[in-house]
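Hello,

Here is the structure I promised to pass on to you. Please open it and turn it around a little before you read my notes.

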Amino acid sequence: MVMTDLLKAEEIKKALDAFAAETFDPRKFFEMVGMRAMSAENVKKVFQVLDVDGSGFIEEEELKFVLKGFAKDGRDLTDAETKAFLKAADKDGDGKIGIDEFEALVHE
């Protein structure tokens, strides 16, 4: 499965362009690509695309490349953006984002 099976390519491009500089805000990005309106089931499918190693978690190393999960030409997140994203989503403090934490961040 690829992201364009779940989201509109033009919305992905618009969101990637909006965060082309070092200003990534995961909540705003997810809203721009239309994820906030998605069902929990479809948010889970997006999570599975981003969980590259299939561990059931999005770890810090995977977060760095999260925009590439939406489009091949997405940029890498900076270390500061990656840490801020992790801090925003990792509610139990285990250093990784589980599906429930991801869904909570998307629908906040």
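Below is what I found, going from the whole chain down to single rings.

Please keep in mind that this is a predicted model.

**The whole chain**

The chain has seven helices and two strands, and along the sequence they follow the order α-α-α-β-α-α-α-β-α. Its radius of gyration is 12 Å, close to the 13 Å that the globule rule gives for 108 residues, so the chain is as compact as a globular protein of that length. If you lay the C-alpha trace along its principal axes, it spans about 35 × 30 × 25 Å. Of the 108 residues, 39% are buried. The accessible surface comes to about 5900 Å², and carbon and sulfur atoms hold 53% of it. Looking at contacts with a separation of 6 or more, 54% are between residues 24 or more positions apart.

**The two annotated spans**

The UniProt record, an unreviewed entry, lists "domain: EF-hand" for residues 38–73 and 77–108. In the model, residues 38–73 are 58% helix and 8% strand, with 24 Å between the end C-alpha atoms. For residues 77–108 the figures are 59% helix and 9% strand, and the end C-alpha atoms are 21 Å apart.

**The aromatic rings**

How many aromatic pairs does a search of the whole structure find? There are ten. One of them joins Phe24 and Phe85: the ring centres are 5.7 Å apart and the planes meet at 40 degrees, which makes the pair tilted, because the edge-to-face label needs an angle over 60 degrees and stacked one under 30. Phe24 sits in the loop between α1 (9–18) and α2 (26–32), while Phe85 is in helix α6 (residues 79–89), so this pair links parts of the chain 61 residues apart.

Phe85 also pairs with Phe30. Here the centres are 6.1 Å apart and the planes are at 65 degrees, so this pair is edge-to-face. Because Phe30 lies in helix α2 and Phe85 in helix α6, the pair ties together parts that are 55 residues apart in sequence.

Are these rings buried or exposed? Phe24 and Phe85 are both buried. Phe85 has a relative accessibility of 2%, and Phe30, also buried, has a relative accessible area of 0%.

Ring pairs link these three residues into a cluster with Phe19, Phe29, Phe47, Phe70 and Phe102.

One last thing to look for is Lys96: its charged end sits over the ring of Phe57, 4.2 Å from the ring centre.

Happy exploring, and best wishes!

Technical notes. Residues numbered from 1 in each chain as written. Predicted model: local features only at pLDDT ≥ 70, side-chain atom pairs only at ≥ 80, totals over all residues. Heavy atoms only, no water. UniProt positions renumbered as here; feature names shortened; annotations may be inferred. Helix = DSSP H or I, 4+ residues; strand = E, 2+ residues; numbered from the N terminus. Phe/Tyr/Trp six-rings, centres within 6.5 Å; stacked < 30°, edge-to-face > 60°. Buried < 20%, exposed > 50% of the residue type's maximum accessible area, 1.4 Å probe, protein only. Lys NZ or Arg CZ within 6 Å of the ring centre and 35° of its normal. Rg over C-alpha atoms; globule rule 2.2 N^0.38 Å. Contact = heavy atoms within 4.5 Å. Areas by Shrake-Rupley, 256 points an atom, 1.4 Å probe, with all protein chains shown as cover.
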